[in-house]
Every structure is written in C-alpha cells, then in structure tokens.
Amino acid sequence: MIRKSIKMFHIVLFVVLTLSTLTHAIIHPIEIRGNHFYDSITNKPFFIKGVDYQPGGSSGVNEHSDPLSNPALCARDIFLFQELGINTIRVYSVNPSLNHDKCMTLLAAAGIYLVLDVNSPMVGQHLNRYEPWTTYNDKYVGHVFHVVNEFSGYNNTLAFFAGNEIVNDKTSATNSPVYIKAVIRDMKHFIKSNSARIIPVGYSAADDLSYRISLADYLECYETDPLETVDFYGVNTYQWCGEQTFITSGYNNLVRDYSTYSKPIFFSEYGCNEVLPRLFKEVSSIYSSEMTSVFSGGLVYEFAQEPNNYGLVDYDEFGNVKLLPDFFAFKEQISKVQDVPLSKKLLLQNQQNFESKNVRKQKPKRKVCELKYANLDISKGIPRSMGESIVKSFNNQEKGKFVPLTQEDMTSNFKIFSVDGTVFNKKPIVKPVPEPLADPKDSISLTSKLNPLFSLICGISIQSLLNGLF
Ligand SMILES: *[C@@H]1O[C@H](CO)[C@@H](O)[C@H](O)[C@H]1NC(C)=O
C-alpha cells in the first residue's frame, strides 16, 4: 500500500515536472554591423564557432527527411553540439515541405544558430554551373523562396547561402557569376518583402586563387540595385594541414587579401585531413587578433562521417553514435576559445557603419562595379528576375515557428560511445541555455538581469530532481 502510494506520488510528480519543464526557446537574432556579426539585443560581436552538418551527405535530403526534420535525431546530435561547445551549424540542403519546428526549437533552446544553403541536389533545386540559364527558372526560384520562407520564421536562422562553390573552374567562371548575383538579388528582395526580419544572404566560395579576390569583389559591388550584393562571404579553405602557423598555412595571405572587404567573412568549411589525426590547431589562429578583424570564425567540415573521411562522429545502423578522435581534438581546441578579441577601433568603426538601428533603412557603402573582374565573365549582365511574379504567392504562406518542448523532446534514446567503445553518455539530454546577458556598459533592467539567472537555477534544480528520481 505504502509502496503503491509512493509510486503514485512519483507518477504525479513526473507528470507535474514534465508539464512544468516545457521550454520556450529565447535566442537573439544576429545582425550585421560593419564587417562583423552582432547579437542584436546584447550588442556583443558574434563569432561563428561551428560545424557543417549534413548526415547522409547529398542523399540525406529527400521527399521524407532532411537533417532538420527528425526531432529524435536532432536531440541526439544537438546534445553533441553542446558537448563540443559550438554556437552554429551549417546545413547544405533541406526539404522545405517538411516540418522543422521541433529541431529548430531544440537548436534555439541549446543556443545554436543555423546557416542554411537554399539549394539541394534534387532536380530543379539548384543551378547548373555550366548552363545556368537552363536551370534559372520559376520552379527553381520558387524552391529557393520556399526554403527562405520556411526558415525566416526562426530567430536562430543566422543567414542563408545563395550558393556553394558554383564557380569552380573556367567554364563555371564564364557562365555562372551573373546568375549567382541574380539569385542573391531575388532572395534579398523576397526577404525584404516577406520576412519580419532582415536575414543576411551570402555566398560560399571554393578558395581558388584564380577567383579569391575577383569573385568576392564582384559580389560586393552593384550598379543600381543595392540588393544585388552579398551581405557576407564564406570561404571554404583546407590549407592548414597538420602542424602549421598563421604564416606557414597562408592564413596571413587570406587576411591580407580580404582586409579591405566591407562585409563579414568566415570560413564556411575548414579542417584539412591530409595529415591525420587532425589536431585543429588552426582554431587558435582563427579566433586570435591576427584574424578576427577580417574573419568572423568558421565551421569545421564536417560533423557526420562520410566516405571522404572528414567526420567527427559516426552512426551505426540503429542511429547510435560513435565519437571519433576528431570529435575530441576539435572539442579541445574550440573549448579554449572564450572571449574573441576585437579592437576598440573596429568596434567603433562597425558602430559608425551601422548608421541606422533600422536594418531596412541601412544603405551599404556603395562599391561601383568594375567593367571586368579577373578570370570571370560578367559581360552578359545579371538576368532579369524570375522571382517577381512568385513573391506574391508566398504572401500568406505559413512560416516555421518555435514550439514548446517537453523534457521528452530534449532527451535522446540513442546510445553514444567513446572512441574506445565504452559508453560516453547513457541519457543524452539537450540542456536549455539561459538567455545571453546584455553588455554591462549598456543599461539593462533588473528583470532582464535576473531572468537568465532565475531560469538557470530552476533548470538545474529540475534537472537534479529528475536525475534523482530516475
Ligand atoms: C525573435 O526576436 C525578437 C527580438 O528579440 C523578439 O521580439 C521575438 O519575440 C522573437 N521571436 C521568437 C519567435 O522568439
């Protein structure tokens, strides 16, 4: 009898606790000021510490699933993102028809942002780099808008990539630059008219010396429409292999070549695997004062193991995870990055460039286009927009939104094993993070100061209660 009532008590307590631990994600939108990203609420500069995330590679997106459509898999991996201590992931392809609310809310609760590519390997969902005129059509632009519309509803959508390594050889450099710019323009017009928030649009470039400067410059300039320009630039670079330094790696040349760029730049892929095991010593260089005036951090390629052997983790057929040595090597390096240095001068400069708090009214400093850019053909001009007629059809379309999370949503039932096969964690749980604090030099109210502390204490005590119970 007594046992029974204790059991009853436990069940009641469990139900009460489960209901009371509904989590609402609070994550601040990131915006661009000058050539850096900032938390729009705390006014702190934001540096990307992240990984590229596309489990299953290009076949990881299809009619039924994509990397952000399955909450159980998201909980498992977001727990591991928190173990790594990262603040951003990049996803290369999604299916915008699927529901992403739970995964995006889980990411937000964990304090993690998303940089999202709008293209996919599926038919009609990417540009053909050699004959882009055959693929730049209503269907394609409709797909791009669908992705943007779905993810513009989430505050942790940090930015969109209009394209990834579309220019990668002579023919693509002849035919595709003006089309890349067309897609950027279409996306930025769509965001301006359809999104509650201005979300930055950029391009992710292969770091090829033939186009390193010219393509970045071309995407920075405009003739008449300021929305033809990228808001930021991503560089995929694999030049730091094994034991290197800022100078022997050639990172110094990257900093030099981009030192006058007016927009944020970051490594959209890094992590050479020509020398194994990977040590990730470039991390300390990327977040040092030698680089942070020009580069806003980066994303390690890549979280999930594929045949090309860049993975931090591997999955078995049941979805259990084996952590690979690279997981621990990267964690060790990224955990050393605490405060990222940015000089007073740059902080001031960024603030001055950020003339108006109203992002919609900001005018980027005009860079007039040159007639020619080295190794690129831009002579045909940017094609007329395919998007104008489609924009309206999105007027009343639903966008993705945050949803309440239960303790169950945040708990993963998959097992995680260490390198040596021992159990790393029996019950992986996504831990909600407190809302970031505003900078002390800005005036903040007492309540906003107390809230995060309060929720942190509540979070901990509920957590320990639950742990004690089960
Ligand atoms: C997004 O962020 C803004 C600014 O902090 C906030 O007012 C809004 O409520 C947030 N939206 C969601 C869905 O959290």
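Gly421 is found in the loop between strands β14 (416–417) and β15 (423–425). This glycine is exposed, because only 8 other C-beta atoms lie within 10 Å and the cut-off for exposed is 12 or fewer. Leu323 sits 98 residues away from Gly421 along the chain, yet the C-alpha atoms of the two are separated by 8.9 Å. The model described here is predicted.

**The barrel**

Eight strands form a closed barrel. The order runs β4-β5-β6-β7-β8-β9-β10-β11, and the pairing is parallel. From one strand to the next, the twist averages 30°. Take one pair as an example. Strand β8 covers residues 201–206, strand β9 covers residues 232–237, and five bridges join them in the parallel sense. Within this pair, Ala206 stands opposite Asn236 of β9.

**The nonpolar core**

In soluble globular proteins, nonpolar side chains tend to be buried together. Here the largest nonpolar core has 114 residues. Those with the most contacts inside the core are Ile78, Leu106, Val148, Phe160, Ala162 and Met187. Which helix gives the most to this core? The answer is helix α6 (residues 177–194), with nine residues.

Met187 deserves a second look. Leave aside its neighbours within four places in sequence, and Met187 is in contact with Val118, Val144, Val148, Phe160, Ala162 and Val201. Val148, Phe160 and Ala162 are also on the list of core residues with the most contacts.

**A covered helix**

Is helix α3 mostly covered or mostly open? Helix α3 (residues 101–109) is mostly covered, with eight of its nine residues buried. The buried ones are Lys102, Cys103, Met104, Thr105, Leu106, Leu107, Ala108 and Ala109. Leu106 also appears among the core residues with the most contacts. Just after α3, Gly111 takes a positive phi of about 75°.

The table lists elements that help cover the buried residues of α3.

| Element | Residues |
|---|---|
| α2 | residues 71–84 |
| β6 | residues 113–117 |
| α13 | residues 407–410 |

One of these elements, β6, is also a strand of the barrel.

**Around the ligand**

Which residues are around the ligand? They are His28, Pro29, Ile41, Asn155 and Phe402. By class, this shell has three nonpolar and two polar residues. No charged residues take part in the shell.

Technical notes: Residues are numbered from 1 along each chain as its sequence is written. This is a predicted model: local features need pLDDT of at least 70, side-chain atom pairs count only at pLDDT 80 or more; totals for chains, interfaces and linings use all residues. A nonpolar core is a set of buried Ala, Val, Leu, Ile, Met, Phe, Trp, Tyr and Cys residues joined through C-beta atoms within 7 Å. A residue is buried if 20 or more other C-beta atoms lie within 10 Å of its own, exposed if 12 or fewer, and partly exposed in between; C-beta atoms are placed from the backbone. Helices (H or I, at least four residues) and strands (E, at least two) are DSSP runs, numbered from the N terminus. Two residues are in contact if their C-beta atoms, placed from the backbone, lie within 7 Å. A residue is near a molecule or strand if its C-beta atom, placed from the backbone, lies within 6 Å of it. Ala, Val, Leu, Ile, Met, Phe, Trp, Tyr, Cys and Pro count as nonpolar, Asp, Glu, Lys and Arg as charged, and the others, Gly among them, as polar. Two strands pair if DSSP finds at least two bridges between them. Axes are lines fitted to C-alpha atoms, for helices over the stretch in contact, and angles run from 0 to 180 degrees between N-to-C directions.
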